[in-house]
Amino acid sequence: MGTFSWTHLLIIALLFVLLFGAKRLPDAARGLGRSLRIFKSEVGQMQAESSTSDAPASATPATPAPPQQLSASATQAQTPIVETQQGHKTL
């Protein structure tokens with residue numbers, strides 16, 4: 001009762017096909033892959049932030065550049081680009 005046999009997995013696969021339909025399964029798998037990729041990147045960012053906050057601070061703090069000295073490419077890098085479900089990229 002504790003393990004799945006190949007017949008159990010076949011029954012589960014058939015139920016998925018009946019519930020979602022054969023045409024929607026690739027879209028559902030693609031959406032699941034995207035959400036897992038986003039989750040993985042967020043966890044990596046959280047780990048990077050926690051490791052940098054644990055590092056000792058330097059003796060002299062770094063001063064940020066004045067806003068006049070920022071180049072156009074630096075301001076464009078801050079603009080978020082969102083990918084829609086159809087694969088188009090929007091600002």
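Is Phe-20 buried, partly exposed or exposed, and what is its relative accessible area? In this predicted model, Phe-20 is partly exposed, with a relative accessible area of 37%, and the views below begin with the whole chain before they return to this residue.

**View 1. The whole protein, with three helices and two strands.** Followed from the N terminus, the elements run α-α-α-β-β, and of the 91 residues of the protein, 0% count as buried. The surface that the protein exposes comes to about 8700 Å², of which carbon and sulfur atoms supply 65%.

**View 2. Helix H1, residues 6-20, and the glycine that follows it.** Helix H1 has 15 residues, which at 1.5 Å a residue should span 21 Å, and its end C-alpha atoms are indeed 21 Å apart, so the expected and computed lengths agree. After H1 comes Gly-21, a residue whose phi is positive, near 85 degrees.

**View 3. The aromatic pair of Phe-16 and Phe-20 in helix H1.** A search of the whole structure finds one aromatic pair. Its members are Phe-16 and Phe-20, whose ring centres lie 5.9 Å apart and whose planes meet at 15 degrees; because planes under 30 degrees apart count as stacked, the pair is stacked. The two residues are four apart in helix H1, and therefore about one helical turn separates Phe-16 from Phe-20. In an α-helix there are 3.6 residues a turn, so residues three or four places apart point the same way. Phe-16 is partly exposed at 43% relative accessibility, and Phe-20 is likewise partly exposed, at 37%.

**View 4. A nonpolar patch on the surface, which includes both rings of the previous view.** The patch is formed by Phe-4, Leu-9, Ile-11, Ile-12, Leu-15, Phe-16, Leu-18, Leu-19 and Phe-20, and together these residues have about 980 Å² of accessible area. Phe-16, one of the residues of this patch, has its place in helix H1.

**View 5. The salt bridge between Arg-30 and Asp-27 in helix H2.** The count for the structure comes to one salt bridge, which Arg-30 forms with Asp-27, their closest N and O atoms being 2.8 Å apart. Helix H2 covers residues 25-54, and because Arg-30 and Asp-27 are three residues apart within this helix, about one helical turn separates them. Both partners are partly exposed: the relative accessible area is 44% for Arg-30, and for Asp-27 the value is 46%.

Notes: Residues numbered from 1 in each chain as written. Predicted model: local features only at pLDDT ≥ 70, side-chain atom pairs only at ≥ 80, totals over all residues. Heavy atoms only, no water. Buried < 20%, exposed > 50% of the residue type's maximum accessible area, 1.4 Å probe, protein only. Areas by Shrake-Rupley, 256 points an atom, 1.4 Å probe, with all protein chains shown as cover. Expected span 1.5 Å × (residues − 1). Patch = residues over 30% accessible without salt bridge, like charges linked within 9 Å, V, L, I, M, F, W, Y side chains within 5 Å. Salt bridge = Lys/Arg side-chain N within 4 Å of Asp/Glu carboxyl O. Phe/Tyr/Trp six-rings, centres within 6.5 Å; stacked < 30°, edge-to-face > 60°.
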